[in-house]
Amino acid sequence: MTRGPTLFNRISVFLGLGFLYAPIVLLVVYSFNASRLVTVWGGFSTKWYAALLKDQQMLDAIWITVRLGLISATAATVLGTLAAVALVRSGRFRGRTLFTGMLQAPLVLPEVILGLSLLLLFVAMGLQRGFWTVAVSHATMTLCYATVVIQARLVSFDRALEEAAQDLGCPPIRAFFLVTLPGIAPAVAAAWMLAFTLSLDDLVIASFTAGPGSTTLPMRIYSQVRLGVNPEINAVSTLLIAIVTLGVGIATLVQRRPKGVPRG
Amino acid sequence: MNDPARPRLNIGAIRESFAPWADPNAAPLVRFEGVYKQFGDETAVKGVSFDIYEGEFFALLGPSGCGKTTLMRMLAGFEAPDAGRVSLGGQDLAGQPPHRRPVNMMFQSYALFPHLSVEQNIGFGLSQQGLPRAEIRARVEETLALVKLEGLGRRRPHQLSGGQRQRVALARAIAPRPKMLLLDEPLAALDKKLREETQFELMRLQQTLGMTFLIVTHDQEEAMVVADRIAVMSAGEIAQIGRPAEIYETPNSRYVADFIGDVNLFEGRVTGADGTKVRLGSNDCPAGLEALEDDHLAMGSPVWLAVRPEKLKLHLDPPGETANRLSGKVVDYGYLGDWTTYVVELASGRTVRAAVANVSRLVERPIGYGDPVWLTFAPDGAVVLTR
Ligand SMILES: Nc1ncnc2c1ncn2[C@@H]1O[C@H](COP(=O)(O)OP(=O)(O)OP(=O)(O)O)[C@@H](O)[C@H]1O
Ligand SMILES: [Mg+2]
């Protein structure tokens with residue numbers, strides 16, 4: 001038994017976290033910088049946030065990104081739930097291994113490849129690139145994450161509960177909604193949050209599949225940074241960080257089981 | 001013994017006259033006909049046929065893995081037989097999904113819905129029938145009272161003790177008033193005292209509701225206490241069906257004799273049979289063994305004699321030279337309070353268990369290790385087994 005962390009542990013944790021979070025802290029701090037110069041502290045100010053509110057292009061980008069996140073996360077969660085149920089509940093069916101592999105491939109596939117192939121698909125289909133092509137691409141990208149999260153919960157979900165519902169006169173589909181879904185709801189919510197945040201901070205795939213009028217926030221930030229960093233970018237990035245942190249935080253909270261509720 | 005023993009006697013007396021299986025005109029409620037079930041390359045159920053009658057308390061008894069749960073799940077609709085028929089009220093159940101079958105199951109794991117309150121759990125089956133809310137409420141209250149859980153309706157399952165959860169599971173299964181209740185090892189998770197009490201609760205409930213109960217258990221005492229009839233299973237087959245006393249007193253095979261209670265088995269060969277009695281020659285008893293048996297067994301055929309420990313009489317002084325007289329010495333004994341079990345080693349090397357009721361508190365000649373003793377039994381206390 002060890003009592004608390006040793007000095008070495010403390011130092012390594014401190015260094016590791018420092019390495020991870022120093023740039024982010026710096027970015028957040030400088031978003032409140034009164035000076036126009038990014039690297040010189042000129043006192044506290046929220047004027048860049050005010051400027052942001054007047055920057056219509058930036059506001060458009062934020063709105064597009066949030067809508068994309070809402071739509072693609074919802075689509076990915078619904079499809080991911082169906083896929084997870086198919087994988088966990090239907091036992092062995094022909095092509096099950098292939099189906100599993102294909103669902104999980106995008107997890108390890110380089111984003112550039114995924115973006116490129118989606119682009120080729122849209123071009124081949126003659127689709128006008130725009131908001132909906134990005135939405136579909138994001139749903140595709142986040143579907144596998146959603147499936148993996150929901151599948152993990154469904155595997156440990158007691159099958160006898162569904163059987164008990166059916167035994168008491170409940171048809172299978174209604175039993176899914178009345179018993180299974182409440183049981184896996186935390187995982188479904190977490191999957192949605194994960195999909196939402198993934199969509200929110202995606203740059204690569206959106207760059208491939210977006211068209212005129214569907215520039216997302218990460219795309220806007222990236223293109224502005226190439227012209228030089230200004231504190232307004234720091235402000236909008238801080239907002240993005242806040243939203244993502246909130247999303248991940250909520251996902252963690254809902255996945256944590258309320259005290260006393262047994263597994264299963 | 002203590003209080004719960006009383007209803008047992010009453011119910012036992014009432015149930016003596018209940019024997020629809022003996023009536024050739026009675027139609028069974030449930031009929032299994034030549035049912036087979038295969039899992040991969042393992043056959044879990046091998047051609048099982050039996051009937052269960054309306055109002056019966058029927059027990060499936062057997063060791064772990066013998067196919068009890070599988071049989072029950074076929075009745076509930078969660079498994080389909082590979083061959084044979086399962087019918088309810090004369091109708092073949094094949095193709096009927098679980099939610100259309102008028103039987104309810106109490107799961108071994110209870111399978112209570114964790115996100116619903118006790119009331120909602122119990123009302124689940126009723127609301128599936130589309131009953132009006134007021135009626136559901138009334139029936140839930142009534143069922144709560146029936147299983148003595150008044151006042152706990154608003155709790156969640158995880159706020160209950162194991163025994164209370166067990167009763168919620170029971171209440172949930174009986175609330176929709178199914179034609180038949182299936183109980184898969186309903187008492188396995190309870191401690192001994194609670195289990196005994198609950199056995200009487202189950203019997204009382206079955207009588208009050210007039211419902212047919214099918215219970216699966218591997219506890220032979222439990223089956224003996226609650227059931228009208230017991231089917232003893234062995235590796236996917238039914239070894240014997242009968243009233244508890246029939247199975248105990250007249251087992252049809254060494255397997256059943258050994259599975260139900262303690263038994264001493266003596267191996268021998270037929271040396272004489274006259275249609276009422278059979279005589280055996282055996283290494284265990286030089287004077288020969290004798291038992292009641294109306295079958296004419298072939299001379300010289302190998303048979304076994306099953307004698308329950310309590311049918312053996314223990315003597316400290318040699319009794320007269322008769323049949324069924326064994327001699328040996330005590331190698332072990334266990335004091336159980338009401339009984340003492342003596343393990344006696346015969347000259348042949350076989351050990352025999354004899355149970356002696358402790359009728360008196362004073363013992364004038366205590367029996368100890370190595371003491372020479374004699375055992376006898378009446379010819380009607382032994383059962384002749386041919387397999
Ligand atoms: N779904 C299944 N898939 C594969 N094999 C199974 C399945 N269900 C049961 N079996 C096998 O069938 C046999 C009978 O199982 P069953 O559950 O009916 O036994 P049981 O008599 O209820 O045992 P226990 O007292 O341990 O509950 C076992 O050998 C078991 O391994
Ligand atoms: Mg079982």
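**Exercise 1. Decide whether Phe58(B) is buried or exposed, then do the same for its ring partner.**

Step 1. Phe58(B) has a relative accessibility of 0%, so Phe58(B) counts as buried. Keep in mind that you are working with a predicted model.

Step 2. The partner is Phe50(B): the two ring centres lie 5.3 Å apart, with the planes at 10°. Planes under 30 degrees apart count as stacked, so this pair is stacked.

Step 3. Phe50(B) has a relative accessibility of 4% and counts as buried too.

**Exercise 2. Find out how Trp192(A) and Phe196(A) are arranged, and where they sit.**

Step 1. Begin with the wider search: over all chains, the whole structure holds 15 aromatic pairs. One of them joins Trp192(A) and Phe196(A), with 5.2 Å from centre to centre and 10° between the planes, and this pair is stacked.

Step 2. Now place the two residues in the chain. Helix α8 of chain A, residues 172-200, contains both Trp192(A) and Phe196(A). They are four residues apart, about one turn of the helix.

Step 3. Finally, check accessibility. Buried means under 20% relative accessible area. Trp192(A), at 21%, is therefore partly exposed, whereas Phe196(A), at 10%, is buried.

Step 4. For another aromatic group in chain A, look at Phe32(A), Phe44(A) and Tyr49(A), which form one cluster.

**Exercise 3. Describe the contact between chain B and chain A, starting with its area.**

Step 1. The size of an interface is often given as the accessible area lost when the parts come together. Here the two chains bury about 1800 Å² between them, and carbon and sulfur atoms account for 63% of it.

Step 2. Ask which residues of chain B contribute most as a trio. His99(B), Gln128(B) and His158(B) supply 31% of the area that chain B buries against chain A, more than any other three residues.

Step 3. Count the participants: 22 residues come from chain A and 21 residues from chain B.

**Exercise 4. Locate the salt bridge across this interface and characterise the chain B side.**

Step 1. One salt bridge is found between the chains. Arg73(B) and Glu163(A) make it through their side chains, at 2.8 Å from N to O.

Step 2. Add the polar contacts: five residue pairs between chain B and chain A are in polar contact, with both residues at pLDDT 80 or more.

Step 3. Map the elements of chain B. At least two residues of the touching side come from each of α2 (68-76), β6 (103-106) and α3 (118-128).

Step 4. Sort that side of chain B by residue type: twelve are nonpolar, seven polar and two charged.

Terms used:
Residues are numbered from 1 along each chain as its sequence is written. Chains are lettered from A and ligands numbered from 1 in the order in which they are written. This is a predicted model: local features need pLDDT of at least 70, side-chain atom pairs count only at pLDDT 80 or more; totals for chains, interfaces and linings use all residues. Side-chain values use heavy atoms; hydrogens and water are left out. Buried area is the accessible area (1.4 Å probe) that two parts lose on being put together, summed over both. A salt bridge is a side-chain nitrogen of Lys or Arg within 4 Å of a carboxyl oxygen of Asp or Glu. A polar contact is a pair of N or O atoms within 3.5 Å; within protein, one must be able to donate a hydrogen and the other to accept it, and residues adjacent in sequence count only if both atoms are side-chain atoms. Ala, Val, Leu, Ile, Met, Phe, Trp, Tyr, Cys and Pro count as nonpolar, Asp, Glu, Lys and Arg as charged, and the others, Gly among them, as polar. Rings of Phe, Tyr and Trp (its six-membered ring) pair if their centres lie within 6.5 Å; planes under 30 degrees apart count as stacked, over 60 as edge-to-face and the rest as tilted. Buried means under 20% relative accessible area, exposed over 50%, partly exposed in between (1.4 Å probe, protein chains only).
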